[in-house]
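Work through these exercises with the sequence and the model side by side. Try each task before you read its solution.

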Amino acid sequence: MNEQQRKQQSQIRTEQANVDRIKKTSSEDMIAKYFQQEYEPQSPDIKQARKRKREDVQFHYDFSIPEDMEKIGHGKKFLIRTYGCQMNEHDTEVMAGILSEMGYESTTVTEEADIILLNTCAIRENAENKVFGEIGHLKPLKLENPDLIIGVCGCMSQEESVVDRILQKHQHIDLIFGTHNIHRLPHLVKEALFGKEMIVEVWSKEGDIIENLPKARKGKIKAWVNIMYGCDKFCTYCIVPMTRGKERSRRPKDIIQEVRHLVAQGYQEVTLLGQNVNAYGKDFEDIEYGLGDLMNDIHKIDIPRVRFTTSHPRDFDDRLIEVLAQGGNLLDHIHLPVQSGSSEILKKMNRKYTREEYLELVRKIRIAMPNATLTTDIIVGFPNETEEQFEETMTLVEEVGFEAAYTFIYSPREGTPAARKKDDVPEEVKKQRLYRLNELVNKQSAASMKDYAGKKVKVLVEGESKKDPEVLAGYTEKNKLVNFKGPKSSIGKIVEVEITETKTWSLNGVMVENTVEVN
């Protein structure tokens with residue numbers, strides 16, 4: 001199919017989707033949402049987000065910058081600060097792409113920016129505190145430059161308490177928008193530029209899937225590819241289902257087309273993204289097609305490396321294991337968050353699996369991929385966690401042999417069931433548990449690294465080391481950081497490196513001559 005045919009087909013799909021939408025939309029909703037001429041504030045409603053109903057998701061292929069906003073940023077600059085997960089990083093790429101098409105240029109210097117956006121994370125209290133600290137630091141800049149637009153977006157914006165706090169205490173903020181209406185950024189910037197009031201547009205009902213949003217990706221080596229949005233798991237500690245909405249999967253052909261486009265641009269690695277990536281395709285009603293099927297199709301594409309994140313053990317099925325076992329460009333580094341090793345705590349977390357079921361999944365993965373590297377996420381200090389329950393987590397970490405783990409002390413989030421639980425575990429006890437867990441994880445990581453001593457590994461070179469510009473850095477297929485000396489011409493390529501020194505979290509080596517792969 002050539003480009004002209006693809007555009008015609010996209011237009012037909014969009015027109016049909018719009019017809020279907022109109023048939024299902026009441027006249028009141030139509031007027032309120034699509035033909036509203038004057039700006040009306042839309043604040044988040046966490047109760048409405050929690051009570052969401054499953055509705056048909058519409059796909060749009062007709063995004064464009066309004067004509068009157070195409071050059072509005074000419075001669076101006078933007079800065080986006082990103083907090084949180086890979087999904088936020090990818091959202092930042094989209095916002096940067098939109099602003100670039102509006103004529104703005106990117107900058108890393110705060111004082112140069114005409115627009116500053118804080119793309120926020122709501123997972124933990126510490127992340128929220130950092131954002132409010134930054135909001136405070138930006139106030140003097142706003143006083144010096146009243147034309148500066150400061151916006152808060154991302155998951156924090158979907159929380160009522162956050163928006164209320166900004167409205168009451170941070171009047172220098174110009175713009176608040178959520179995770180579902182990023183595609184409306186040109187309209188929101190226009191309102192912020194020419195309006196007199198703070199702009200608040202946060203949809204508690206998630207939006208549709210907008211397929212042709214521009215992206216300003218970082219570099220030309222590794223790329224995020226979003227394959228779905230939202231989460232339906234409702235873990236009791238997590239606010240994401242309310243901030244990101246219900247699970248909505250992109251169509252396979254659109255994902256595959258995006259990956260092929262990245263290959264044509266020279267990218268060496270893609271990571272398929274989803275809040276719960278294993279649930280991909282479960283919302284399709286017209287086809288049976290899951291993550292295993294998608295990975296199998298991408299396996300046939302000529303790109304050296306394919307990863308995916310983040311997994312939920314409940315949805316990690318046999319089909320996916322079967323496909324991953326093919327190897328090739330499907331890497332056998334699997335991030336599989338367990339959160340706790342205690343079945344009782346897992347039940348309180350509403351994780352919908354037991355310790356035994358998790359270990360059985362690990363066993364299946366090990367049988368199919370004996371050399372697979374497993375990493376995980378773990379929360380300690382969940383409300384009323386006993387010493388015995390914590391010890392169950394410790395023994396599970398040892399039994400699985402995780403080579404790395406993101407570990408956290410439980411952080412209560414307003415609006416979640418867990419936040420209403422009384423907790424009798426002293427903070428000092430939680431800190432000690434985290435310390436002991438980290439000691440174990442560090443020990444296992446260091447031991448796994450020692451296995452690489454004297455071996456040759458394939459490294460995708462990403463650039464100069466952060467600590468030494470004379471040293472290059474990149475990652476192995478199993479996501480191990482490698483530092484080595486080599487020519488700058490190897491950046492963006494996969495080279496062979498012989499490991500000379502192992503550390504807890506990284507490897508040092510020497511590049512093997514004449515091993516640069518041409519892909």
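Helices here are DSSP runs of at least four residues, numbered from the N terminus. The model is predicted.

**Exercise 1. Find the helix that holds Lys-430, then decide whether Lys-430 is buried or exposed.**

Step 1. Look along residues 427–450. This is helix H15, and Lys-430 sits in it.

Step 2. Apply the cut-off: buried means under 20% relative accessible area. Lys-430 has 5%, so Lys-430 is buried.

Step 3. List the contacts, leaving aside neighbours within four places in sequence. Lys-430 touches Val-380, Gly-381, Ile-409, Asp-423 and Val-425.

**Exercise 2. Locate Met-198, and say how far Met-198 is from Leu-175 in sequence and in space.**

Step 1. Find the loop between helix H7 (185–194) and strand E7 (199–201). Met-198 is there.

Step 2. Check burial. The relative accessible area of Met-198 is 14%, so Met-198 is buried.

Step 3. Compare sequence with space. Met-198 and Leu-175 are 23 residues apart in sequence. Their C-alpha atoms are 5.8 Å apart.

**Exercise 3. Work out which strands stand at the edges of the sheet E9-E12-E13, and why one side of each has no neighbour.**

Step 1. Read the order. The three strands form an open sheet, E9-E12-E13, with parallel pairing.

Step 2. Count partners. Strand E9 (222–226) and strand E13 (305–309) each have a single partner strand, so one side of each is left without a neighbour in the sheet. These two are the edges.

Step 3. Add the twist. It averages 25° from one strand to the next.

Step 4. Inspect one pair. Five bridges join E9 to strand E12 (residues 269–273). Lys-222 stands opposite Glu-269 in E12.

Step 5. Add the helices. H4 packs on the sheet and touches E9, E12 and E13. The direction of H4 makes about 95° with that of E9. Helix H9 (residues 252–264) lies across E9 and E12, at about 170° to E9.

**Exercise 4. How many cavities of 30 Å³ or more does the structure hold, and what lines them?**

Step 1. Count them. There are two cavities of 30 Å³ or more.

Step 2. Take the largest cavity, with about 330 Å³ of space. It has 23 lining residues; the closest to its centre are Asp-91, Thr-179, Ile-210, Leu-213 and Tyr-229.

Step 3. Trace the lining of the largest cavity. Helix H4 (86–101) and strand E8 (209–210) each supply at least two residues. H4 gives the largest share, four residues.

Step 4. Turn to the second largest cavity, with about 40 Å³. Its lining includes Cys-85, Asn-88 and Arg-244. By class, that lining has five nonpolar, three polar and one charged.

Conventions. Residues are numbered from 1 along each chain as its sequence is written. This is a predicted model: local features need pLDDT of at least 70, side-chain atom pairs count only at pLDDT 80 or more; totals for chains, interfaces and linings use all residues. Side-chain values use heavy atoms; hydrogens and water are left out. On a 1 Å grid over the protein atoms alone, a cavity is a set of points where a 1.4 Å probe fits but cannot get out, and a pocket is an open set with protein on both sides within 12 Å along at least five of seven lines; lining residues have an atom within 4 Å of a point. Grid points are joined across faces, edges and corners, and a volume is the space filled by probe spheres set on the points. Ala, Val, Leu, Ile, Met, Phe, Trp, Tyr, Cys and Pro count as nonpolar, Asp, Glu, Lys and Arg as charged, and the others, Gly among them, as polar. Buried means under 20% relative accessible area, exposed over 50%, partly exposed in between (1.4 Å probe, protein chains only). Contact means heavy atoms within 4.5 Å. Two strands pair if DSSP finds at least two bridges between them. Axes are lines fitted to C-alpha atoms, for helices over the stretch in contact, and angles run from 0 to 180 degrees between N-to-C directions.
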